[in-house]
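The following exercises concern the fold, the packing and the burial of one protein chain. Please work through each task before reading its solution.

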Amino acid sequence: DTDRALVLLEEYCKKLRKPEEQQLKKAIRKVMGIFKSSLFQALLGSFKKKATRHGTTSHTSLPVALACDVLGCPRD
């Protein structure tokens, strides 16, 4: 699901071409870097294990939910 979030963010970044959008593009690229980091992946794995143990898993993953919140895309 992190890969899906990265794809959504990358597609959105490609649309940001105006000079006033470059700061947003830079911020999104930072988020993408965080999603790709081993620390984030480890924390996400720990979060998923904890959520599964407590029966609080949801259909949408954390990275995809965050990307959809940022981009305003529909969640399936």
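Helices (H or I, at least four residues) and strands (E, at least two) are DSSP runs, numbered from the N terminus. The model is a predicted one, in which local features need pLDDT of at least 70, side-chain atom pairs count only at pLDDT 80 or more, and totals for chains, interfaces and linings use all residues. Residues are numbered from 1 along each chain as its sequence is written, and side-chain values use heavy atoms, with hydrogens and water left out.

**Exercise 1. Overall fold**

Determine which pattern the chain follows along the sequence.

Solution. Begin with the elements: the chain has 4 helices and 0 strands. Read in sequence order, they give the pattern α-α-α-α. Next, consider contact, meaning heavy atoms within 4.5 Å. Of the contacts with a separation of 6 or more, 48% join residues 24 or more positions apart.

**Exercise 2. The nonpolar core**

Identify the residues of the largest nonpolar core.

Solution. Two definitions come first. Buried means under 20% relative accessible area, exposed over 50%, and partly exposed in between (1.4 Å probe, protein chains only). A nonpolar core is a set of buried Ala, Val, Leu, Ile, Met, Phe, Trp, Tyr and Cys residues joined through side-chain atoms within 4.5 Å. Of the 76 residues in the chain, 24% are buried. The largest core comprises 10 residues, namely Ala5, Leu6, Leu9, Cys13, Leu16, Ile28, Met32, Phe35, Phe40 and Leu44. Two or more of these residues come from each of α1 (2-15), α2 (22-36) and α3 (38-53). Helix α1 gives the most, with 4 residues. In soluble globular proteins, nonpolar side chains tend to be buried together.

**Exercise 3. The pairing of α1 and α2**

Establish at what angle the axes of α1 and α2 cross.

Solution. Axes are lines fitted to C-alpha atoms, for helices over the stretch in contact, and angles run from 0 to 180 degrees between N-to-C directions. The axes of α1 and α2 come within 10 Å, and their crossing angle is roughly 165°. Therefore α1 is roughly antiparallel to α2, a label for angles over 145 degrees. From α1, the residues making the contact are Thr2, Ala5, Leu6, Leu9, Glu10, Tyr12 and Cys13. From α2, they are Leu24, Lys25, Ile28, Arg29, Val31, Met32, Phe35 and Lys36.

**Exercise 4. Three residues of α1**

Decide whether Thr2 is buried or exposed.

Solution. Thr2 is placed in helix α1. Because its relative accessibility is 10%, Thr2 counts as buried. Beyond its neighbours within four places in sequence, Thr2 contacts Phe35, Phe40, Gln41, Leu44 and Pro63.

For comparison, take Arg4, also in helix α1. With a relative accessible area of 35%, Arg4 is partly exposed. Arg4 and Pro63 are 59 residues apart in sequence, and their C-alpha atoms are 8.3 Å apart.

Finally, Val7 lies in helix α1 and is partly exposed at 45%. Its C-alpha atom is separated by 9.5 Å from that of Met32, 25 residues away along the chain.

Technical notes. Angles under 35 degrees count as roughly parallel, over 145 as roughly antiparallel, 65 to 115 as roughly perpendicular and the rest as oblique.
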